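Trainee: Could you take me through one part of this model up close, and then follow the chain outward from there? I'd like one connected story rather than a list.

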Amino acid sequence: MANLGDNLRINGDRLWDSLMEMAKIGPGVAGGNNRQTLTDADKEGRDLFQRWCEDAGLEMGVDRMGSMFARREGTDPDALPVYVGSHLDTQPTGGKFDGVLGVLGGLELVRTLNDLGVKTKHPIVVTNWTNEEGTRFAPAMLASGVFAGMHDLDWAYDRVDAKGLKFGDELRRIGWVGDEDVGARKMKALFELHIEQGPILEAEGKDIGVVTHGQGLWWLEVTLTGKDAHTGSTPMPMRRNAGLGMARMTELVHQIAMSHQPDAVGAIGHCDFHPNSRNVIAGKVVFTIDFRSPHQDILDAMKARFEAEAPRIAEELGLEMGIEVTGHFDPVTFDANCVDAVRNAAERLGYSHRDIVSGAGHDACWVNRLYPTAMVMCPCVDGLSHNEAEDISKDWATAGADVLLHAVLESAEIVE
């Protein structure tokens, strides 16, 4: 492979301008974005991305899940392509950079190669995966999940949103059903650039996160059933308070996660109280638990401890208890060679960096089941994401895209 050279850098101003132009589509109410999957705003964002890809001389392919694949040809058309990308869809109150940086960073990579007349042996494909967020149509990472064989295409088409609209129908409505079989594409490797969505890189003053693992998760839904009763006239010893049960289990979840530091996390994120009246003791509470760890044995141990100890709390309080698994995926170990390519790129370019575990799920996590994969992360302000106040600096975006460029070229192989 030819020497990459420390002076080979992307155009940070052009990347930033592209990010700001895309952010005009599907504006939120507080400075961010609401470009949920398969909405009219998503279609507009896709159309703009397609125009930019065509202007860069890329050939667009689309699969039956609507994922977009923009190909820059290599000198060896039979060589397996190197893929880059992420997603353009957002949360209802999302930021300008979550996912979008990975897609437009990939496009900027190609634009830079075009500017410099750099050729690669392997084709490079810039990807926009459909419905990574999973907000409108659950679950998250839906299209990459079908690609990786985790979900059936017809099952994905039948997912419905809060209004009862089906994924397949909405994909057809916006005109982005492709003709490629999902998962038919072969890859040499995939690299995904993403904001950290956490506070570690900024707090430690690091430019780049070299993602070595992705956390696995268990999602549990717990139902506690006690007895509705008047808060003023029911003696304390005679209460069957489902809310008290949830409070004690909240502390249990925290203790379990803290006993498996570093990296393990756990929290209760959503709860419904019934009847949810200020002067009625809650007779029923339904709440969700999110356990995550990059280590399978720890992940399973956290779930097992909760399932062993929580029923004792319920029994002590006279409550009935049910636990349902509502989500799960195993931890991810990214490909060692691809991770080394990211680390080598950061060192070659002089960017400060550290190894990091991704606390969120990403399309790369599913693709990693099939092909060598790695991720590049850049900091975000206060670690804030899935929020309209999500923010990064132009320098952070540029550094991430520079590292992405060099890691991809190490795999795609520059031709002299």
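Mentor: Let's start with Asn131, which sits in the loop between strand 5 and helix 4. Keep in mind that this is a predicted model. Asn131 has a phi near 55 degrees, a positive value in a residue other than glycine. Is Asn131 buried or exposed? Asn131 has a relative accessible area of 1%, so this residue counts as buried.

Stay in that loop a little longer. Pro139 also lies between strand 5 (124-128) and helix 4 (142-147), and the peptide bond leading into Pro139 from Ala138 is cis, with omega near 5 degrees. So this loop holds Asn131 as well as Pro139.

Now step back into strand 5 itself. Strand 5 pairs with strand 2 in the antiparallel sense, over 5 bridges. If you want a spot to click on, Val125 of strand 5 stands opposite Arg71. Arg71 has a partner in strand 1 too: Glu59 stands opposite Arg71 of strand 2. Strand 1 (residues 59-62) and strand 2 run antiparallel and are joined by 4 bridges. The hairpin they form has 5 residues between the strands, and Gly66 takes a positive phi near 85 degrees there. As for strand 2 (residues 68-72), 4 of its 5 residues are buried, so the rest of the structure largely encloses this strand.

Back along the chain from that hairpin there's a helix pair to look at. Helix 1 (residues 12-23) packs against helix 2 (residues 40-55) at an angle of about 150 degrees, and their axes are 10 Å apart. Because of that angle, helix 1 is roughly antiparallel to helix 2. On the helix 1 side the contact uses Ser18, Glu21 and Met22, and these meet Gly45, Leu48, Phe49 and Trp52 in helix 2. By type, the contact residues come out as 4 nonpolar, 2 polar and 1 charged.

Next, have a look at strand 6 (residues 189-195), where 7 of the 7 residues are buried. In a regular strand the side chains alternate between the two faces of the sheet. Here Ala189, Phe191, Leu193 and Ile195 point one way, while Leu190, Glu192 and His194 point the other way, and all are buried. That list includes Glu192 and His194, so don't picture greasy side chains alone when you colour by residue type. Strand 6 runs parallel to strand 3 (residues 82-86), and 3 bridges join the two. In that pairing, Val84 stands opposite Phe191. Strand 6 also pairs with strand 16 in the parallel sense, over 6 bridges, with His194 opposite Met377 of strand 16.

Strand 16 brings us to another loop. Asp382 lies between strand 16 (373-378) and helix 12 (394-412), and phi of Asp382 is near 60 degrees, again a positive value in a residue other than glycine. Is Asp382 buried or exposed? Its relative accessibility is 62%, so Asp382 counts as exposed. Set that beside Asn131, which is buried.

A cysteine is worth a stop here as well. Cys378 is buried, at 0% relative accessibility. The closest cysteine sulfur belongs to Cys380 and is 7.4 Å away, which is too far for a bond. Searching the whole structure turns up 0 disulfides. Cys271, for its part, is partly exposed, with a relative accessible area of 33%.

Last stop: an open sheet of 4 strands in the order 10-12-8-13, paired antiparallel. Strand 10 and strand 13 (320-329) are the edge strands, each pairing on one side only. On average, neighbouring strands of this sheet are turned by 15 degrees against each other, direction ignored. Helix 8 packs on the sheet and touches strand 8, strand 10, strand 12 (284-293) and strand 13, and the helix direction makes about 170 degrees with that of strand 10. Within the sheet, strand 8 (residues 216-225) pairs with strand 13 over 9 antiparallel bridges, and Trp219 stands opposite Gly327 of strand 13. The loop between helix 8 (242-258) and strand 10 (265-274) contains Pro262. The peptide bond from Gln261 to Pro262 is cis, with omega near 0 degrees, and the bond from Ala138 to Pro139, back where we began, is cis too.

Methods. Residues are numbered from 1 along each chain as its sequence is written. This is a predicted model: local features need pLDDT of at least 70, side-chain atom pairs count only at pLDDT 80 or more; totals for chains, interfaces and linings use all residues. Side-chain values use heavy atoms; hydrogens and water are left out. Buried means under 20% relative accessible area, exposed over 50%, partly exposed in between (1.4 Å probe, protein chains only). Two strands pair if DSSP finds at least two bridges between them. Axes are lines fitted to C-alpha atoms, for helices over the stretch in contact, and angles run from 0 to 180 degrees between N-to-C directions. Contact means heavy atoms within 4.5 Å. A disulfide is a pair of cysteine sulfur atoms within 2.5 Å. Angles under 35 degrees count as roughly parallel, over 145 as roughly antiparallel, 65 to 115 as roughly perpendicular and the rest as oblique. Ala, Val, Leu, Ile, Met, Phe, Trp, Tyr, Cys and Pro count as nonpolar, Asp, Glu, Lys and Arg as charged, and the others, Gly among them, as polar.
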